[in-house]
Amino acid sequence: AWPDVQILPMEPQQITADTVRNADVLVVRTRTRVDASLLADSNVRLVCSATIGFDHIDTAWLEAHGIRWTACPGCNAQAVCDYIEEVLNEFQISNIKYQISNPPTLGVVGVGHVGSLVAKMAERKGYRVLLNDPPKGIGVSLDQIAENCDIITFHVPLTNSSITNHPTYHMCDEAFLGRCKSGALIINASRGGVVDEQALLRSGHPYVIDTWEGEPNLNPEVLSRARLASMHIAGYSVEGKLRATRMCLDAIAETFGLPRIFNFQNTNVSAGDSAPGWLSRITAQLKAHPDQFESLRRNYPLR
């Protein structure tokens, strides 16, 4: 039979070693840091993160201690693609002029689930698209992205040189930004540390940010100067949440030899704002209440 379920508090600091000690499975999202301090003395055998990213999980420690972990790659890829499309739409509406006559060139850094969808979407809208993904052997160099693109959007995991030959931490740094075309738009809807926000401020480039360094504690100057800004909700959609739920349930069933749950529905869906200009409305809300980042994110009505 499927196990009992305990719903933990929404605030990450309230999820402690004591609250998870007797659990067999822990299901989290990005706000909960899962490492030795949380699980060292627990019964947990499986950690499921209902998210694409997993940099909040100490995967090496879990694997060394026989604890299986899963994430949900691709679950919200379409939602993030829709977010990037809204960015492009709102910039077109506001008549921001790019440095190339027509069409503008979009650089997509990271060509996984999200980046692939973004590239196809942009091509449908008439953009020239350049791709960069060295681990996959896809596309042009990062230098070529900087030198040729009017808009650059990042869709990579957050990694460092200790675990990969292609680290993404601060890949958008002062040197990269210095090579970019004048006025190039920078979009970060991947992970906060991918873009060096201080370098971004110094560069003078216009930018859009959904994922922040140090979130939920935002740098007020970075927020104030963002053309569009949101509270790490690019991937928040009804469909994305349901896909993540499905993937977590399947992982639990597989790990513990339980029957799959085929029929389920999300009964806690609020009416999202998908009308044109929704990202500008979120930007105004976040800029007015930056100290409410977590609350705004938690209560965001799914698109």
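This passage walks through two β-sheets, a few chosen residues, and the empty spaces of a predicted model.

A good place to begin is the smaller set of strands in this account, β1, β2 and β3. Three strands make up an open sheet here, arranged in the order β1-β2-β3, and their pairing is parallel. The edges of this sheet are taken by β1 and β3, each of which pairs on one side only. From one strand to the next, the twist averages 10°. Helix α10, spanning residues 238–256, packs on the sheet and touches β1, β2 and β3. The direction of α10 makes about 165° with that of β2.

The pairing can be followed residue by residue. Strand β1 (residues 25–28) is joined to β2 by four bridges, and the two run parallel. Within this pairing, Leu-26 has Val-47 of β2 as its bridge partner, and Val-27 stands opposite Cys-48. On the other pairing of β2, three bridges link it to strand β3 (residues 68–70), again in parallel. There, Cys-48 stands opposite Thr-70. The side chains of β2 (residues 46–49) can be sorted by direction: Leu-46 and Cys-48 point one way, Val-47 and Ser-49 point the other way, and all of them are buried.

Cys-48 deserves a closer look. This residue lies in strand β2. With a cut-off of under 20% relative accessible area for burial, Cys-48 counts as buried because its value is 0%. Setting aside residues up to four places away in sequence, Cys-48 touches Leu-26, Val-27 and Val-28, together with Thr-70, Cys-248, Ala-251 and Ile-252. For a sense of scale, the C-alpha atoms of Cys-48 and Val-140 are separated by 35 Å, and these residues are 92 apart along the chain.

Thr-70, the residue opposite Cys-48, has its place in strand β3. Its relative accessibility is 13%, so Thr-70 also counts as buried. When neighbours within four places in sequence are left aside, Thr-70 is in contact with Leu-46, Val-47, Cys-48, Ser-49 and Ala-251. Ala-251 thus appears among the contacts of Cys-48 and among those of Thr-70.

The other sheet is built from seven strands. They form an open sheet in the order β6-β5-β4-β7-β8-β9-β10, with mixed pairing. Strands β6 (138–139) and β10 (228–229) stand at the edges; each has a single partner strand, so one side of each is left without a neighbour in the sheet. The partnership of β5 and β6 is antiparallel and rests on two bridges. One residue pair can be named for it: Asn-132 has Gly-139 in β6 as its bridge partner. Helix α5 packs on this sheet, where it touches β4 (105–109), β5 and β7 (151–154). The direction of α5 makes about 170° with that of β4.

Arg-225 offers a contrast to the buried residues described above. It is found in helix α9, residues 220–225. Arg-225 counts as partly exposed because its relative accessibility is 39%. Beyond its neighbours within four places in sequence, Arg-225 is in contact with Leu-201, Gly-204 and Tyr-207. From Arg-225 to Gly-139 the C-alpha distance is 31 Å, and the two are 86 residues apart in sequence.

Attention now turns to empty space. Rolling a probe the size of a water molecule over the atoms shows where such space is left. The second largest pocket holds about 1,200 Å³. Its lining is made of 50 residues, and those nearest its centre are Ile-52, His-155, Val-156, Pro-157 and Leu-158. The elements that give two or more residues to this lining are α5 (113–124) and β5 (128–133). By residue type, the lining of the second largest pocket divides into 21 nonpolar, 20 polar and nine charged.

Closed space was also examined. The structure holds one cavity of 30 Å³ or more, and about 50 Å³ of space lies in the largest cavity. The largest cavity is lined by Arg-29, Ala-50, Cys-75, Asn-76, Gly-235, Tyr-236, Gly-240, Lys-241 and Ala-244. These lining residues divide into four nonpolar, three polar and two charged.

How values were computed:
Residues are numbered from 1 along each chain as its sequence is written. This is a predicted model: local features need pLDDT of at least 70, side-chain atom pairs count only at pLDDT 80 or more; totals for chains, interfaces and linings use all residues. Side-chain values use heavy atoms; hydrogens and water are left out. On a 1 Å grid over the protein atoms alone, a cavity is a set of points where a 1.4 Å probe fits but cannot get out, and a pocket is an open set with protein on both sides within 12 Å along at least five of seven lines; lining residues have an atom within 4 Å of a point. Grid points are joined across faces, edges and corners, and a volume is the space filled by probe spheres set on the points. Ala, Val, Leu, Ile, Met, Phe, Trp, Tyr, Cys and Pro count as nonpolar, Asp, Glu, Lys and Arg as charged, and the others, Gly among them, as polar. Two strands pair if DSSP finds at least two bridges between them. Contact means heavy atoms within 4.5 Å. Axes are lines fitted to C-alpha atoms, for helices over the stretch in contact, and angles run from 0 to 180 degrees between N-to-C directions. Buried means under 20% relative accessible area, exposed over 50%, partly exposed in between (1.4 Å probe, protein chains only).
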